[in-house]
Amino acid sequence: MAIQNPYPWGPPYGGPPPPPVNIPAKDLRPRRIWYVVSALLGLVLAGAGVAFIVVTVKDTVDSIDTAHSFSSGDSRTFGFVRGKTKAIYVSQSGQGHVVCRIPQMRSGSMTQPDSTFTITLGSRTWDRVLEVKPGSSGDYTLTCTSELPAEFALGDKPRVGATIGSIAAGIACFLAAVATTATIVIVTAVRRGRHRRRLAAALAPPPQWGPPPQ
């Protein structure tokens with residue numbers, strides 16, 4: 001029975017290779033604390049994004065005084081401040097023609113906006129139909145009618161630019177959270193890997209080269 005020699009050209013010089021050097025994780029740089037830092041930073045940025053969007057939505061919802069709405073054909077008295085533009089919103093099932101009047105207010109104070117603006121609150125959709133810019137402060141009676149069954153409410157003039165900017169800032173915070181967290185994790189992992197290889201090379205025993213067997 002033939003026995004195969006595992007070293008047909010003779011045993012390797014110096015014996016078997018040394019075992020790999022064990023480097024404790026705590027000795028590597030950068031420290032693992034950077035993983036925690038990346039997670040915390042991502043949470044902070046994501047939280048800021050949520051805050052931007054939540055505040056924007058809340059401000060939009062609160063911009064319409066639905067608690068003091070009134071039906072088509074009815075009247076309600078509101079307090080107006082000179083120079084502060086208010087918006088009149090209507091909630092109806094179709095595109096009924098809307099007419100609103102404030103008899104005590106001077107002509108030209110009520111105008112039709114150049115653009116449309118719609119807010120959905122619960123099961124109702126509110127459309128901005130008119131804007132009022134009073135010439136003097138005081139309480140004024142608002143009367144509105146529509147061809148369709150409708151509900152009217154007074155609210156703040158929508159700040160479309162600020163709303164879009166706040167939502168964009170919230171999205172930017174989410175993207176920054178993902179990018180920052182991923183960058184810190186990747187850079188930390190790569191640098192720790194390089195440091196591990198350098199330490200392993202420095203701590204590895206020198207090769208034991210011996211003369212070939214006679």
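Me: What area does the protein expose, and what percentage of it do carbon and sulfur atoms supply?

Reply: Bear in mind that this is a predicted model, where local features need pLDDT of at least 70, side-chain atom pairs count only at pLDDT 80 or more, and totals for chains, interfaces and linings use all residues. Numbering starts from 1 along each chain as its sequence is written, and side-chain values use heavy atoms, leaving out hydrogens and water. Accessible areas come from the Shrake-Rupley method with a 1.4 Å probe, and for residues only the protein chains shown count as cover. On that basis the protein exposes about 14300 Å², and the carbon and sulfur part of it is 61%.

Me: What pattern does the protein follow along the sequence?

Reply: Helices (H or I, at least four residues) and strands (E, at least two) are DSSP runs, numbered from the N terminus. The tally is two helices and nine strands. Read along the sequence, they give α-β-β-β-β-β-β-β-β-β-α.

Me: What percentage of the 214 residues count as buried?

Reply: Buried means under 20% relative accessible area, exposed means over 50%, and partly exposed is in between (1.4 Å probe, protein chains only). Cys173 is one residue that passes the buried test, with a relative accessible area of 15%. For the 214 residues of the protein, the buried share is 27%.

Me: Which residues does Thr56 touch, not counting those up to four places away in sequence?

Reply: Thr56 sits in helix H1, residues 33-62. Its relative accessibility is 8%, so Thr56 counts as buried. Taking contact as heavy atoms within 4.5 Å, and skipping residues up to four places away, the partners of Thr56 are Thr163, Ser166 and Ile167.

Me: Of the contacts between residues at least 6 apart in sequence, what percentage join residues at least 24 apart?

Reply: The pool here is contacts in the protein between residues at least 6 apart in sequence. Those that join residues at least 24 apart come to 85%.

Me: Which element gives the most to the lining of the largest pocket?

Reply: Pockets come from a 1 Å grid over the protein atoms alone: a cavity is a set of points where a 1.4 Å probe fits but cannot get out, a pocket is an open set with protein on both sides within 12 Å along at least five of seven lines, and lining residues have an atom within 4 Å of a point. The largest pocket has a volume of about 330 Å³, where grid points are joined across faces, edges and corners and the volume is the space filled by probe spheres set on the points. It has 17 lining residues, with Gln95, Gln112, Asp127, Arg128 and Val129 nearest its centre. Strands S3 (86-92) and S7 (124-132) each supply at least two lining residues, and the top contributor, with four residues, is S7.

Me: How many charged residues does the lining of the largest pocket have?

Reply: Ala, Val, Leu, Ile, Met, Phe, Trp, Tyr, Cys and Pro count as nonpolar, Asp, Glu, Lys and Arg as charged, and the others, Gly among them, as polar. The lining of the largest pocket has six nonpolar and nine polar residues, and its charged residues number two.

Me: Where does the largest share of the lining of the second largest pocket come from?

Reply: The second largest pocket has a volume of about 290 Å³. It too is lined by 17 residues, and Asp59, Thr60, Ser63, Arg159 and Thr163 are closest to its centre. By class, that lining has seven nonpolar, five polar and five charged residues. H1 and helix H2 (160-203) each give two or more residues, and the largest share, six residues, comes from H1.

Me: Why is the disulfide of Cys100 and Cys144 left-handed or right-handed?

Reply: A search of the whole structure finds one disulfide, a pair of cysteine sulfur atoms within 2.5 Å. Cys100 and Cys144 are joined with S to S at 2.1 Å, and both are buried. Cys100 lies in strand S4 (residues 98-101) and Cys144 in strand S8 (residues 138-146), so the pair ties together parts 44 residues apart in sequence. The torsion about the S-S bond is about 115°, so the disulfide is right-handed.

Me: How far apart in space are Thr116 and Val129, C-alpha to C-alpha?

Reply: Thr116 lies in the loop between strand S5 (110-111) and strand S6 (118-121). At 74% relative accessibility, Thr116 counts as exposed. Thr116 and Val129 are 13 residues apart in sequence, and their C-alpha to C-alpha distance is 7.6 Å.
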